[in-house]
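These are my notebook entries on a structure that I went through place by place. I wrote down what I looked up and what I found each time.

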Amino acid sequence: MSALSGLLHPKMTGKGFVIDFSNKCIVVTGGNRGIGLAMSKAVAKAGAHVAIIYRSSADAPKVAHDIEKEFKVKAKAYQCDVSDADTVNKTFDTIDKELGPITGLIANAGVSVVKPALDLTTDDFNKVFTTNVLGVFNSARAAAKLWNERQHGGSIVIVSSMSSQIYNQVALSEPLTQVFYNSSKGAVSNLTKGLASEWAKHSIRVNALSPGYVNTDQTSGMDKKVRDFQANTVLLGRFAEPEEMTGQAILLLSDHASYMTGGEYFVDGGKLAT
Ligand code: NDP
């Protein structure tokens, strides 16, 4: 029997491609709305307990409660600013005790500042980079510390963006491209490769999932003309729904992806290079 057939058997027989996260515990940062909420529901549907990290949305505990009821798993919301390392470490320890042991992380929380480059400030830089880069690092390190303590591996999915590789025009009248956001995503995609290299020996896999345009609060304020322009730069001709990001994340978290680490996977509907 080849190594490959050994890996896939028996999960690929009979019922097809089955993912069962029973007794797993997945942390989703920014898991209370948008892409993160779709991720929280998807892992809960696969049977995992889910810890939702949020920054300030007052309805996050209710979101967790609804997931718990719908999917019959444990789900709880934890208020935590991912840019604060001490708070992140304490929150992961609490989650590990209350819902854990933690087995996977979706580092999804992210923010953007949309301004012409000439108007950007140091505060804008700090806002974007402390959440999108430092926040991802803090979350990944907190999970890795716990896994190293118990000498057990885990899987981390970092939500980056297609804008890690391309500029992403958000206005038609002028070349406005969210330079801090895009460069933070370039940084986080590179961070993914660095963490994957350092932690492979600890059986920790780290991959980036890079969405294209997704219908969430982050994109809801866009001018219709800009949306139409952007949708036309995608082979599928439309923005994605948050749920369309979950298949790749679930795969990367699962043992079906046991030979995948350090990669960046684009879920962008076929974004053309514009
Ligand atoms: P949303 O703006 O809808 O949600 C952002 C989430 O991140 C919220 O849950 C928010 O919590 C949380 N968050 C923000 N800052 C912090 C912080 N400092 N600490 C903890 N939580 C925080 O975002 P999307 O769903 O659109 O995006 C999710 C991820 O996907 C981001 O990383 C984004 O860059 C990326 N992405 C999105 C695309 C899109 O088209 N929407 C395209 C490509 C990538 P709270 O509700 O409490 O504020």
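**Entry 1: around the ligand**

I began with the helices around the ligand, and I noted that α2 (34–45), α6 (179–199) and α7 (217–220) each supply at least two residues of the shell around it. I kept in mind throughout that I was reading a predicted model. The largest share of that shell comes from α7, which gives 3 residues.

Next I asked how many residues surround the ligand, and which of them are the closest. I found 30 residues around the ligand, with Asn32, Ser56, Ser57, Tyr181 and Thr216 as the closest.

I then looked up polar atoms of the backbone beside the ligand. For Ile35, a backbone N or O atom lies 2.8 Å from an oxygen atom of the ligand. At Val214, a polar backbone atom is 2.9 Å from an oxygen atom of the ligand, while at Val82 a polar backbone atom is 3.0 Å from a nitrogen atom of the ligand. I also looked up how much of the ligand is covered: on its own it has 910 Å² of accessible area, and the protein covers 96% of this. As for its place, I noted that the ligand sits in the largest pocket.

**Entry 2: Asn207**

I moved on to Asn207, which I located in strand β6 (residues 204–211). Is Asn207 buried or exposed? Its relative accessible area is 0%, so I wrote it down as buried, the cut-off for that word being under 20%. Its contacts, leaving out residues up to four places away in sequence, include Ile156, Val157, Ile158, Thr192 and Leu252. Gly263 is also among the residues that Asn207 touches, and here I could add a distance, since the backbone nitrogen of Gly263 lies 3.0 Å from a polar atom of the Asn207 side chain.

**Entry 3: Val234 and Thr122**

I looked up Val234 in the loop between α8 (224–231) and α9 (246–253). Although it lies in a loop, Val234 counts as buried because its relative accessibility is 6%. When residues up to four places away in sequence are not counted, Val234 touches Tyr213, Asp268, Gly269, Gly270 and Lys271. I also checked its separation from Lys224, and the two are 10 residues apart in sequence and 16 Å apart in space, C-alpha to C-alpha.

Thr122 has its place in helix α5 (residues 122–149). With a relative accessible area of 60%, Thr122 is exposed, as that word is used for values over 50%. From Thr122 to Gly212 I noted 90 residues in sequence and 27 Å in space, C-alpha to C-alpha.

**Entry 4: backbone angles**

Before this last search I reminded myself that most residues other than glycine have a negative phi, and that most peptide bonds are trans. I therefore looked for departures from either rule.

Where is there a cis peptide bond? I found one joining Gly100 and Pro101, with an omega of about 10°, and I placed Pro101 in the loop between α4 (85–98) and β4 (104–107).

Asn23 is not a glycine, yet it has a positive phi of about 65°. Asn23 is in the loop between α1 (3–8) and β1 (25–29), and it is exposed, with a relative accessible area of 70%. Ser203, also not a glycine, has a positive phi of about 60°, and I found Ser203 in the loop between α6 and β6.

Notes: Residues are numbered from 1 along each chain as its sequence is written. This is a predicted model: local features need pLDDT of at least 70, side-chain atom pairs count only at pLDDT 80 or more; totals for chains, interfaces and linings use all residues. Side-chain values use heavy atoms; hydrogens and water are left out. Helices (H or I, at least four residues) and strands (E, at least two) are DSSP runs, numbered from the N terminus. Buried means under 20% relative accessible area, exposed over 50%, partly exposed in between (1.4 Å probe, protein chains only). Contact means heavy atoms within 4.5 Å. A residue is near a molecule or strand if one of its heavy atoms lies within 4 Å of it. A polar contact is a pair of N or O atoms within 3.5 Å; within protein, one must be able to donate a hydrogen and the other to accept it, and residues adjacent in sequence count only if both atoms are side-chain atoms. Accessible areas come from the Shrake-Rupley method with a 1.4 Å probe; for residues, only the protein chains shown count as cover. On a 1 Å grid over the protein atoms alone, a cavity is a set of points where a 1.4 Å probe fits but cannot get out, and a pocket is an open set with protein on both sides within 12 Å along at least five of seven lines; lining residues have an atom within 4 Å of a point. A molecule sits in a cavity or pocket if more than half of its atoms lie within 2 Å of its grid points.
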